[in-house]
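These notebook entries record what I looked up in the structure. I began with the strands and the elements packed on them, then turned to the cores and the chain as a whole.

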Amino acid sequence: MNVYDGLRIAAMLEHHGLVQTDNVSDADIIILNTCAVRAKATDKVFSALGRIRRAKRPNALFGIVGCVAREAGATAFRRIPDLNFVLGPQSYHKLPQILDNPDAKLLNIDLGGLEKFDELPQMERSPRVAYIPIQEGCNHVCTYCIVPYTRGRELSRPFNDCLRETLHAAKTGAIEICFLGQNVNGYKYTDENGHTFRLSDLIRETAKIPEIHRIRFTSSYPTEMTDDLIDMFRTEPKLLPFLNMPIQSGSQNVLSRMNRPYSLELYTNIIDKLRAARPDIQISSDFIVGFPDESDDDFEQTMNIADRIRYINSYSFKYSPRPHTAAALMPNQIPENIKAARLAKLDTRLNEIQREFNESCIDKTFECLLEGPDKTGRHLVYRTPFMQQCIVPTCADAPALAMIKITAANKASLRGKFA
Ligand code: SF4
């Protein structure tokens, strides 16, 4: 979501005659697009603002947009008095106001709705992978999560607006569409005729666009994985065989304290149905270790579920208390050293599973999407249908979509050659 927001902010400012620079001391305006999901990310924002303040030109404007802006609000101006703007994730389209009135302090952290999508100028060229936000906010209220506070209650964009943006992306360079939402598979829009559209409808319509070869969506909530959506994996070959469906913990007790009221049986049944629909599908997850009152036994159940599902690519974190959340006030917070030991153990196992899956790809051939050159410029990076990085020697006129035979693998990436 932040990648999408960043692209739209850049396009909006280019519309106002600005150009991008990588050099802070050249910039007329410096924007930190921020994430508040973990305490560490929030802390980094304020230390980065301190560095920017010293490095920027005296008249350059600087400020924050996104979830930390929403979380900090006016207190951000107290912490950094010469900050020029603080705009929440649903009001960053108001950023040009600061260009018209640079001496003002611009503060807007309203959770108004989805008006920003109507006010943002269209992007002239789409990246090969186009992110299309179809819903924002979340109604699930997991007890550790700040998103319902920073992005608000769940709102789905009108079906036709989503399709129009998808079509525009396809006509201006997109090959892959990634539908986005905090609770993306909860997408539900009812039009003026009473017709309700779901994510499966969007996938079906998008698959008809000839320029689009790959479709995916993130991030999914287990109980919203309805049969119509599971069936898409059976019927739509353009839908990639890869799904991020966070479980967070393998312990039923912890899940219930997290206010994630699904049973492990229901979660594993959904995975079974997905695998029946698309036998090669691979799953990734997010994990939180060291949630308040997590026992050794609870943690071992998380290790067990990782082994049972064999997630190929996961994001695992130590629990960090966030303001405005119920879990921050729960008793029996887990000491940092125990959280760190559990995270290291889980990461070791997840990395082994990922390496085993990567090695199982050797000698197989996949259609892969070009991401761009690597840092050395001597290689090209492609993405497999399972979102693995695949590195091939650079060549002139490399196709955006290529059949690549995998020749080697490690935990982090694959190597391959054009088939
Ligand atoms: S479903 Fe995801 S975004 Fe929604 S409250 Fe839970 S963790 Fe946060």
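Entry 1, the open sheet. I examined a predicted model, and I looked up a sheet of four strands. The sheet is open, its strands follow the order 1-2-3-4, and the pairing is parallel. I then asked which strands are the edge strands. They are strand 1, residues 29-34, and strand 4, residues 106-108, each of which pairs on one side only. From one strand to the next, I recorded an average twist of 15°.

Entry 2, one strand pair. I looked up the pairing of strand 2, residues 61-66, with strand 3, residues 85-87. These two strands pair in the parallel sense over three bridges. I also noted a bridge between Val65 and its partner Leu87, the latter in strand 3.

Entry 3, helices on the sheet. Where does helix 1 lie? I found that helix 1, residues 2-15, lies across strand 1 and strand 2, and that it runs at about 160° to strand 1. Helix 2, residues 39-55, packs on the sheet as well and touches strand 1 and strand 2. The direction of helix 2 makes about 170° with that of strand 1.

Entry 4, the largest nonpolar core. I looked up its members and found 40 residues. Those that touch the most other members are Ile132, Ile134, Ile177, Phe179 and Leu199. Helix 12, residues 264-277, gives the most to this core, with four residues. I followed Ile177 further and left out residues up to four places away in sequence. On that basis Ile177 touches Ala130, Ile132, Thr166, Ala169, Thr206, Ile212 and Ile215.

Entry 5, another core. Apart from the largest core lies another, of 37 residues. Its members include Phe62, Tyr144, Ile146 and Val289. I noted that Phe62 falls within the residue range of strand 2, 61-66.

Entry 6, the whole chain. I recorded 14 helices and 20 strands in the protein chain. Along the principal axes, its C-alpha atoms fill a box of roughly 60 × 60 × 55 Å. I compared the radius of gyration with the value for a compact globule: 419 residues would give near 22 Å, and the chain has 22 Å, so the two agree. Buried residues make up 38% of the 419 residues. Of the contacts with a separation of 6 or more, 69% join residues 24 or more positions apart.

Technical notes
Residues numbered from 1 in each chain as written. Predicted model: local features only at pLDDT ≥ 70, side-chain atom pairs only at ≥ 80, totals over all residues. Rg over C-alpha atoms; globule rule 2.2 N^0.38 Å. Buried ≥ 20, exposed ≤ 12 C-beta atoms within 10 Å, placed from the backbone. Contact = placed C-beta atoms within 7 Å. Pairing = 2+ DSSP bridges. Axes fitted to C-alpha atoms, helices over the stretch in contact; angles between N-to-C directions. Core = buried A, V, L, I, M, F, W, Y, C linked by C-beta atoms within 7 Å.
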